[in-house]
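Hi,

Here is the structure I promised to pass on. Have a look at it first, and my notes on what turned up follow below.

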Amino acid sequence: MSNLTIRGARKAYGATVALRRGDLDLREGEVHVLIGSNGSGKSTLCKIVSGSVRPDAGEVLIDGKTVSIDGPRAARALGLATFYQELSLAAHRTVAENISLPELPGKGGFFVDRERLNGIAERYIRRFADVAGEGFSADARVEHLREDQRQLVEIMKTLATEAPILIFDEPTSSLDRSQVERFFEVLRELKAQGRAIIFISHRMDEIFAIGDRVTVIRDGETVGTSLISETKPASIIHQMVGESELAVTNGAPPAAAEVKTEAVLSVAGLSAKGFVNVSFEVRRGEILGFGGLHGQGQSAVLRSIFGVNPTDQGTIHIKGEKRTIRSPREAIRCGLAYISGDRGRDGVVHGRPILENVTPIHFLRNKLSLVRPGSLRERAAKPLSALKTRFAGYDQPVNALSGGNQQKIVIARWLIDRPDVLLLDDPTKGIDLQAKTDLFALIRSLAAEGMGIVLYSSEDAELLANADRILVFNSGSVSRELTGADRTRYNLYHAAYEAA
Amino acid sequence: MSVEAAGKAEASRFSLTNLIRQPLLVALVLIVLLLALGEMLSPGFASPQQILRLLIVAALLGIVAAGQNLVILGGREGIDLSVGGIVSLSAIIAGNVMNGADSGILPAILACVAAGALFGTFNGIGVTLLRIPPLVMTLGMLGVLQGLLVVIRQGVPSGRAAPALSEFVTRPFLLGLPGIIWLWVLIGLLMAFLLRRTVFGYRVYAIGSNEQAAFLAGVPVRLIRISLFTLSGAFAGLAGLCLIGYAGSSFANVGELYMLPSIIAVVLGGTPLSGGKGGYTGTMAGAVLLVILQSILTTINIDESGRQMIFGATLLVLMLFYGRGRAMRA
């Protein structure tokens, strides 16, 4: 029941091919590591296995029989259970209830059998009892637990399904050393029972500690599978980068801009939810890149600087002056701009005319109270044309535009009155190639005019091509700074996976 | 993707279905049809005097609906169920402050608007700072106001309207129209100005259609939302004052009848309950339409409870047509 084979899986979202040819061969009694950079197709493949995404082509076999996984329920029925990275716990319920949430033990077809519920919970809690920390018990409410304890509940919930095939997507991100080791002990026991485990992690040491085999995915294709015992971190990273890429970028990373001006933004010892002790400086004319795998604290840092999320510790200086920023309003007044790639959530004012979409920052920075549409149109024209935005008129609803043009409208909003620092939070997510080119051309020219720019991009190629300096994030802190000729894909992955 | 597609279709195609999606136009056509229907049912229904009377009643409703409109535009399930209570309270305050004397008009206006604004501000604070859902907050406030009304009244007859106020509401003032209709027109112009030509108005639409984006763009989201509730209370207070001018003296819970119709007028006028789009011009048409409908129902001898049922059902049917643009809960 636990041999899973995927052959030639393909998945496209519109024109974007997320997975070109995904192959995976999972055997019973192994921990199989899945590894790939951002956008490699790793998570799409994982979603196909867990049933949350249906492939356009290719086949899935369990023990040699073709199956189709039509959704999470079907996946469960086929013996697959998935640990989700973004925790899916019921906060107001107890640990015991959460552990059995996928299949509550019933009584009389209607009532919950509380004895069995607690029995199941105790069985899993006991395994982690000495490492779980204070306050962790079967009847504790999840909302009162710490982050690492919640992650343990999520792990137990996955284990409690007793499924023959288990998929763990970044299960250790908040766990401490002893918790990880205990978790690995449990995984080894499961292996011995003949279960099959897919393991995704961004920590090379963990991969080498627990993995039996590793499958590398690059650009939507499975590159190959090797035995962990016969490979080493450097060669896995070589596989992720690809030979051709190695040859090209080893030669010459794009020349970094000559920057010798004062720091326009400096951050020291900044800590908050999602990252610890981050320090950096951005000078005028510089594009500072934030790199690494998704969700290692890059966005959280930008959002904290901008006053969206509270900061616990650290100082922020803007143009040499110490600032305490508690809200985006204050950040804007200090000369910061923040552009999120999630334009649907963070940018576009849906259904409203373009004019209303480009103006809010201008109103705030100039303390206006009356709207003069004529003068607004004139002011907005410059950034909009600099971005080569295509639109019919200022009264056109913003949703009538293409994704790329919508994003340009949102960006133009921030440029009508020039900010000193531009914080870009994965700004090109889901926009077309032309729009990306236009955007980066503009960003470079804004930098040349003296703006300081922080660019977080989940697209590594974009980052390598545009950033003068790159800070690589790993688990909420900067693991390495890449400058000059060091800005290669190899070094980026190396730092992202904390390879030894 | 679907939103983009819908937007494109709206911009390019002109068809009957698109025409039906223009709520203002639909409302105007319906007004004419309903007037004709009323005239058929009861000759004299659409006579000039009768239409004038309908317009006065519509103006009273329209003033309440102006505040309701603002709260709904602000989104996040914004709704003000307390307007009826504020209208009743304000009518009592107005009656007692004026007590039949013209000299009391100015103090009465100040007292009514201030009291309305005060209760509205409480609503706003509850909704923003205490994070109570608007439905619950304003319903609770309605309960408080109802209790307050019982305490205040205590069997004492509430005051009378000043003659000048009654005249303002019922007698022709300019071009054969009473002052209250001119007041309503003025409010209509001010609302249009507020929503289309002020930064405040732009921000109301911004928080109504994407609060997160507005927040990131430095819009003071809470302050705006509180002021919407404040304005709603103030408009209801003003309406209570005008109402006593129309009725002469205040009677029990006179304002209750405004809660549901004020919401229906807004939705009829093309502002979806999800907020972020629409405006006051449509609401004005909605108020007129609703008052005519009410009058027709009275003409065919449907009593108050029957009318309430019909209004409730109307709102639900409207939700089917206009409320589906976006899901109510994000």
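**Chain A: the six-stranded sheet**

In strand β22 of chain A, Arg480(A) is the residue that stands opposite Val472(A). Before you read too much into any of this, keep in mind that the model is predicted. The two strands involved, β21(A) and β22(A), run antiparallel and are joined by six bridges. They form a hairpin with two residues between the strands, and Ser475(A) in that hairpin takes a positive phi near 50°.

Zooming out, that pair belongs to an open sheet of six strands in chain A, ordered β18-β19-β20-β15-β21-β22, with mixed pairing. At the edges sit β18 (336–340) and β22 (477–483) of chain A, each pairing on one side only. Direction ignored, neighbouring strands of this sheet are turned by 20° against each other on average. Helix α19 (residues 489–496) of chain A packs on the sheet and touches β15, β21 (469–474) and β22 of chain A. The direction of α19 makes about 30° with that of β21(A).

For a parallel pair in this sheet, go to β15 (residues 287–292) and β20 (residues 452–456) of chain A, which are joined by four bridges. If you want a spot to click on, Leu288(A) has Val454(A) as its bridge partner in β20(A).

**Chain A: the four-stranded sheet**

There is also an open sheet of four strands in chain A, in the order β14-β13-β16-β17, and here the pairing is antiparallel. Its edge strands are β14 (275–283) and β17 (321–323) of chain A, and each of them pairs on one side only. On average, neighbours in this sheet are turned by 20° against each other, direction ignored.

Strand β16 (residues 313–318) of chain A pairs with β17(A) in the antiparallel sense over three bridges. Within β17(A), Arg323(A) is the bridge partner of Ile316(A). This sheet has a helix packed on it too: α10 (residues 298–305) of chain A, touching β13 (263–272), β14 and β16 of chain A. The direction of that helix makes about 110° with that of β13(A).

**Chain B: helices**

Now for the other chain. Chain B has 15 helices and two strands. Of its 330 residues, 49% are buried. Among contacts in chain B between residues at least 6 apart in sequence, 78% join residues at least 24 apart.

Helix α4 (residues 48–73) of chain B is a handy place to start, so to speak, with two packing partners to look at. One is helix α13 (residues 259–268) of chain B: the two pack at an angle of about 65°, with their axes 8 Å apart. An angle of 65 to 115 degrees counts as roughly perpendicular, so α4(B) and α13(B) are roughly perpendicular to each other. Their crossing is right-handed. From α4(B) the contact takes Leu61(B), Val64(B), Ala65(B), Gln68(B), Asn69(B) and Ile72(B), and from α13(B) it takes Pro261(B), Ser262(B), Ile263(B), Ala265(B) and Val266(B). By class that gives eight nonpolar, three polar and no charged residues.

The other partner is helix α9 (residues 179–197) of chain B, which packs against α4(B) at an angle of about 30°, with the axes 9 Å apart. This crossing is left-handed. On the α4(B) side the residues include Leu55(B), Ile56(B) and Ala59(B), and they meet residues of α9(B), among them Ile180(B), Trp184(B) and Met191(B). The contact of α4(B) with α9(B) divides into 10 nonpolar, one polar and no charged residues.

One more residue to look up is Ser295(B), in helix α14 (residues 280–299) of chain B. Is Ser295(B) buried or partly exposed? It has 19 C-beta neighbours inside 10 Å, and a residue needs 20 or more to be buried, so Ser295(B) counts as partly exposed. Leaving out residues up to four places away in sequence, Ser295(B) touches Gly38(B) and Leu54(B). Its C-alpha atom is separated by 9.8 Å from that of Arg307(B), 12 residues away along the chain.

**Where the chains meet**

Finally, the interface: 24 residues of chain B are in contact with 28 residues of chain A. On the chain B side, α1 (2–12), α10 (199–209) and α11 (211–216) each supply at least two residues. That side has 13 nonpolar, seven polar and four charged residues.

Cheers

How values were computed: Residues are numbered from 1 along each chain as its sequence is written. Chains are lettered from A and ligands numbered from 1 in the order in which they are written. This is a predicted model: local features need pLDDT of at least 70, side-chain atom pairs count only at pLDDT 80 or more; totals for chains, interfaces and linings use all residues. Two residues are in contact if their C-beta atoms, placed from the backbone, lie within 7 Å. Ala, Val, Leu, Ile, Met, Phe, Trp, Tyr, Cys and Pro count as nonpolar, Asp, Glu, Lys and Arg as charged, and the others, Gly among them, as polar. Axes are lines fitted to C-alpha atoms, for helices over the stretch in contact, and angles run from 0 to 180 degrees between N-to-C directions. Angles under 35 degrees count as roughly parallel, over 145 as roughly antiparallel, 65 to 115 as roughly perpendicular and the rest as oblique. A crossing is left-handed if the near helix is turned anticlockwise from the far one by less than a right angle, and right-handed if clockwise. Two strands pair if DSSP finds at least two bridges between them. A residue is buried if 20 or more other C-beta atoms lie within 10 Å of its own, exposed if 12 or fewer, and partly exposed in between; C-beta atoms are placed from the backbone.
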